[in-house]
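Student: I have a sequence and a model to look at. Can we go through the words used to describe them, one by one?

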Amino acid sequence: MGKGKKKKPISPKKSIQSLQESRDGGQIALRGYTYQFLYACYLMLTNQNESTIFQLEGIEDVDRIEKQDGGQITHIQLKYSVNRQNASFLADVLQNFLEAYLLDKDRYFKMVYDFPVANGNLKKILEGKLDEASLKYWKEVIEKIKESQTSWDWSQYNFEDFLSRLSFENLKKEIFEDEIEKALIQYHDISTDNLKLYVNSIKILCLKKMENRDLITRKELVSCVEAVKMDISKGAQNPAHSWIRKLSFSKNAAEHENDFYEGKKATPADIAKNLPVERPMLEGKIITSIQENIVTVIKASSGQGKTTLALRSAYLLQNEYTAYQVTVCDNNEQLGNTFQYFNSRLRLGEKLLILIDNLDGRVQKWNGLVQLLQAELPTNYKVLLTTREIDWYNYSGDLSNIRSINIIVPTLEEQEAKNIFQKLKETGNLHPSITNWKREWNRIAERKLLIEYVYLLTHGEMLSERITAQMKELGQSSFGQLKCDILRKVCFADVCGVKLTVRNLFCSQKDYAGADFGELLKNLESEFLIHLNTDDNYVEGLHPIRSWHIVNQLHEFVPLENTAISVIKMVEKKDYAVLFSHIPEF
């Protein structure tokens, strides 16, 4: 029996606990495997190219294959350690890369790592800051590999070309869980309480692929997500998608710019076209309030430009905040879904400006939403709310639990009226008959409503005067009685803050005397009296102030209570609270 080299005796451990702590080889290996497989999940979820496929545990830990003509193959090696590494660490990695490079010079190579890096040659190559001395060092490292691997075909080897095909990326292990969730939200539109189920399903898919060294396509990944959607009883989408809309300030070519001055509510498209008169003092005050407070409230009567101010502020802040409008939040289930929706947007890294326009019973849980946001999400969101005084009284809730809130009350004053006159004159929107701002200001000074002042300056007559003339013309036109009856109901509902469905409005009329109902509605819309929403199939007034004037004109001899009863029968049950909160105003 030959003499063997004696093994070094193992030092005795002082306790069973110290023995357990010393046997950490499996734990260290698992950390590396976890890093590798989490990166694979992250890489595949963020890939949006249908022609890209991945092989797990192929030539390297992850092989990224572009299947389009001229596409490239990148071999990715993952390295994780808690220990500081120096230049000697990279030699084995380069040897693996070189073996593939010598067989196919068109391949690319990447090392993704998470470990502390010592100063010196390793740090320089990882950061792409090679100097003459470092280049010499790495040439010598490869020469040593060449000397040890004499059976490889080195005839096509080129140091500069090989170096150009190397890349390095430092990604921390702890970011992957969040990034995987973000990718699911952003690329697969997942924003439900069951996000973890999707994450776990993707992880299992990747583990199976790694075990079998299989290829995985984007189609397989999407199928995995869709399978989870099918299995979740609460559905694939958070229902809050139906009542939260992202504000898009894009110019809508289909809308005529002149329509804006007919006394209608401002839209994001109007703001993008810069149609509303700028109010720099108020806008500046609102923007400062948004920056300094969690909640900013714009409180004023109808016709003072609350919605326009809110949209203008969101537009001016669009490079910093992503604006969303909440249209419904009136029970605890909607509150929870709304919170979950915004939580998912924050996880994507968005900074949120949440708009609640025209506070009423439909969004009465707004206070609870703010309190939930405060409790669960420390930062990166602001709430902008517009309201009338009476609605604030009814739906403001307990404000003591809101950490910071500021209320701004916009009013049209004499100096601002002068500035608006001048700006409309400069833009060519002033009516030819209007030459003196002071005289026109005096005509509306009692109520000081912005909508009436702007209408007067752009049309040369008071809004009430125009509506009186319109109602007279309407009564004398074909099917005038039918049109007036439709207007009574639509405008009364608009003043009460509710919309009527086209179906319910149609069914409320007993006799159309041969008239085409659809054409009647289109005719009324062309006269700037109503607004038809063909997507959601409802009809509403252009603005509560406009509708208020129409209601007054059309009920001079017709009992208002008759219209109120008709509207009560037509509105949906969910709108009862809003409707009945406004009826006492009449």
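Tutor: Start with pairing: two strands pair if DSSP finds at least two bridges between them. Keep in mind that this model is predicted.

Student: How do you know that strand 8 and strand 11 pair?

Tutor: Set the value against the cut-off. Pairing needs at least two bridges. Strand 8 (residues 295–299) and strand 11 are joined by 5 bridges. So the two strands pair. They run parallel. Look at V297: its bridge partner in strand 11 is L385.

Student: Which sense does the pairing of strand 10 and strand 11 have?

Tutor: Parallel, over 5 bridges. Strand 10 covers residues 352–356. L353 stands opposite K382 in strand 11.

Student: What makes strand 11 mostly covered?

Tutor: Buried means under 20% relative accessible area. In strand 11 (residues 381–387), 7 of its 7 residues are buried. Now look at the directions. Y381, V383, L385 and T387 point one way. K382, L384 and T386 point the other way. Residues on both sides are buried.

Student: Why are strand 13 and strand 14 said to stand at the edges?

Tutor: First, the sheet itself. It is an open sheet of 3 strands in the order 13-15-14, and the pairing is antiparallel. Strand 13 (500–501) and strand 14 (530–533) each have a single partner strand, so one side of each has no neighbour in the sheet.

Student: How do you know that strand 14 pairs with strand 15?

Tutor: Count the bridges again. There are 4 between strand 14 and strand 15 (residues 538–541). At least two are needed, so the strands pair. They run antiparallel. I530 stands opposite G541 in strand 15.

Student: Why is helix 23 called largely enclosed?

Tutor: Helix 23 spans residues 544–554, and 8 of its 11 residues are buried, so it is largely enclosed by the rest of the structure. The buried residues are P544, I545, R546, S547, H549, I550, V551 and L554.

Student: What covers the buried residues of helix 23?

Tutor: The cover includes helix 18 (450–459), helix 19 (463–476) and helix 20 (480–495). It also includes strand 15 and helix 24 (560–570).

Student: Is T458 buried or exposed?

Tutor: Its relative accessible area is 13%. The cut-off for buried is under 20%, so T458 is buried. T458 is found in helix 18.

Student: What is T458 in contact with, beyond its neighbours within four places in sequence?

Tutor: Contact means heavy atoms within 4.5 Å. On that test T458 is in contact with Y261, L424, N429 and H431. Compare a pair further along: T458 and G397 are 61 residues apart in sequence and 40 Å apart in space, C-alpha to C-alpha.

Student: How do you know that E283 is buried?

Tutor: The relative accessible area of E283 is 5%. That is under 20%, so E283 counts as buried. E283 is found in helix 11. Leave out residues up to four places away in sequence, and E283 touches E278, L309, R312, S313 and L316.

Student: Why is E57 called partly exposed?

Tutor: Partly exposed lies between the 20% and 50% cut-offs. E57 has 24%, so the term fits. E57 is found in the loop between strand 1 (52–56) and strand 2 (62–66). Its phi is positive, about 60 degrees, although E57 is not a glycine.

Student: Which term fits N274?

Tutor: N274 has 44% relative accessibility, so it counts as partly exposed. N274 sits in the loop between helix 10 (268–272) and helix 11 (280–292). Phi of N274 is near 60 degrees, a positive value in a residue other than glycine.

Student: Now the whole chain. How many helices and strands does it have?

Tutor: The protein chain has 25 helices and 15 strands. Its radius of gyration is 34 Å, well over the 25 Å that the globule rule gives for 586 residues, so the chain is more spread out than a compact globule. The C-alpha trace spans about 125 × 55 × 50 Å along its principal axes.

Student: What percentage of the residues in the protein chain is buried?

Tutor: Buried residues make up 49% of the 586.

Key:
Residues are numbered from 1 along each chain as its sequence is written. This is a predicted model: local features need pLDDT of at least 70, side-chain atom pairs count only at pLDDT 80 or more; totals for chains, interfaces and linings use all residues. Side-chain values use heavy atoms; hydrogens and water are left out. The radius of gyration is taken over C-alpha atoms; the globule rule is 2.2 Å times the number of residues to the power 0.38. Buried means under 20% relative accessible area, exposed over 50%, partly exposed in between (1.4 Å probe, protein chains only).
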